[in-house]
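User: Could you take a close look at one loop for me, the one with the odd backbone angle? I'd like to see how that spot fits into the rest of the chain.

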Amino acid sequence: MLAPLDPPVQTAAGEVPVAPLVLIDVTTSDGIVGHAYLFCYTPSVLPALTSLVEELGAAVVGTSAAPATVEADLRGRLRLLRPQGLPTMAISGIDMACWDAVARRAELPLVRLLGGEARPIRAYGSLRSMAPDAVRAEAAHLAGLGFTAYKVKVGAGDLSRDREVLRALRDAVGPVADLSIDYNQTLPVPEAIRRIRALSEENLLWVEEPTRADDAAGHARIRAAVSTPIQLGESWWGVDEMTASITAGAGDHAMLDVARIGGVTGWLRAAPVAYAAGLPVSSHLWPEVSAALLAVTPGAFLLEYLDVASGVLRDPVCVVDGAMMPSERPGSGVEWHDAAVERYRC
Ligand SMILES: [Mg+2]
């Protein structure tokens, strides 16, 4: 389906004007239905991802709904391909829906099923806008939700444009808030070093994906040359890529994307790896499930508040005083708004 994104998400690597979503329902033999959604950035990928979810889902019909069993089965079927990219996203979505079903059957919120408890998770306002005036207006709105940390995407122009965007954000949120920037992989390594050094007086919390996400050596060179911490992780397809990045010394933080790292099951494997390496863990998108996961993650740092699915959810994420509570209802907190689902179905 194509759900509305208002305002659209702008990045130096292109704009996302609508939310292409795949909604997943896993129905157990005793009638429990687990939900999850996948966001695939561009509508042109939607048919392929939908088909993958349907085909992989059909392959495990009649088997166990235990997430680890399903995950092992699906990975086994894709071993010869090496399940990165869309197959990993499809497996992650099915995994999240299975965990939701297991939590509903146990009549427990996901956070309690995982051994944690609902507590406020500090979040940061992740801006969708990049133009200075729009940044100012959006940041003022986010400040009203009580955030004390913000991230803005930069890199659409030159260094002076980056400064202009940061100044607009700082003007809107005041002198105390923590600020981060995201280049969305768009800078060559030498240019990344030049810009991050030039922005060092901004005392940024982190700089995210300054160069190509698959260039771990390049990120390690940048990290060695600048004083601002480097944030990586939203593009890791699974724990193996995360481990390779950490081994290369590519970043200072880990940003886990539950739909790329392998679902809830993958996150639970990734979090101890980050902890052992001393990397604080933040989340990328998927605030409902990520809030529960950060609540049980050692070294949990910040939750990203950037909600792409609120248009089809019955209870969109709620931020209070700059923090988000994991859902306290049975399941992961994902519940469809049936009328909206019908409206945006494609
Ligand atoms: Mg990013």
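Analyst: Let's start in the loop between β3 (33–39) and α1 (46–59), where you'll find Tyr 41. Keep in mind that this is a predicted model. The backbone angle you're after belongs to Tyr 41: phi is positive, about 70°, even though the residue is not a glycine. As for its surroundings, Tyr 41 has 15 other C-beta atoms within 10 Å, so it counts as partly exposed; the buried label would take 20 or more.

Gln 185 makes a handy partner for this one. It sits in the loop between β6 (178–182) and α7 (189–198), and it too is a non-glycine residue with a positive phi of about 70°. Gln 185 is buried, though, because 21 other C-beta atoms lie within 10 Å.

While we're on backbone oddities, have a look at Pro 7, in strand β1 (residues 2–11). The peptide bond between Asp 6 and Pro 7 is cis, with omega at about 0°.

Now for the setting. The protein chain carries 13 helices and 13 strands. Its radius of gyration is 19 Å, close to the 20 Å the globule rule gives for 346 residues, so the chain is as compact as a globular protein of that length. The C-alpha trace spans about 60 × 40 × 40 Å along its principal axes. Buried residues, Gln 185 being one of them, make up 51% of the 346. And if you take the contacts with a separation of 6 or more, 67% of them are between residues 24 or more positions apart.

Definitions and conventions
Residues are numbered from 1 along each chain as its sequence is written. This is a predicted model: local features need pLDDT of at least 70, side-chain atom pairs count only at pLDDT 80 or more; totals for chains, interfaces and linings use all residues. Helices (H or I, at least four residues) and strands (E, at least two) are DSSP runs, numbered from the N terminus. The radius of gyration is taken over C-alpha atoms; the globule rule is 2.2 Å times the number of residues to the power 0.38. A residue is buried if 20 or more other C-beta atoms lie within 10 Å of its own, exposed if 12 or fewer, and partly exposed in between; C-beta atoms are placed from the backbone. Two residues are in contact if their C-beta atoms, placed from the backbone, lie within 7 Å.
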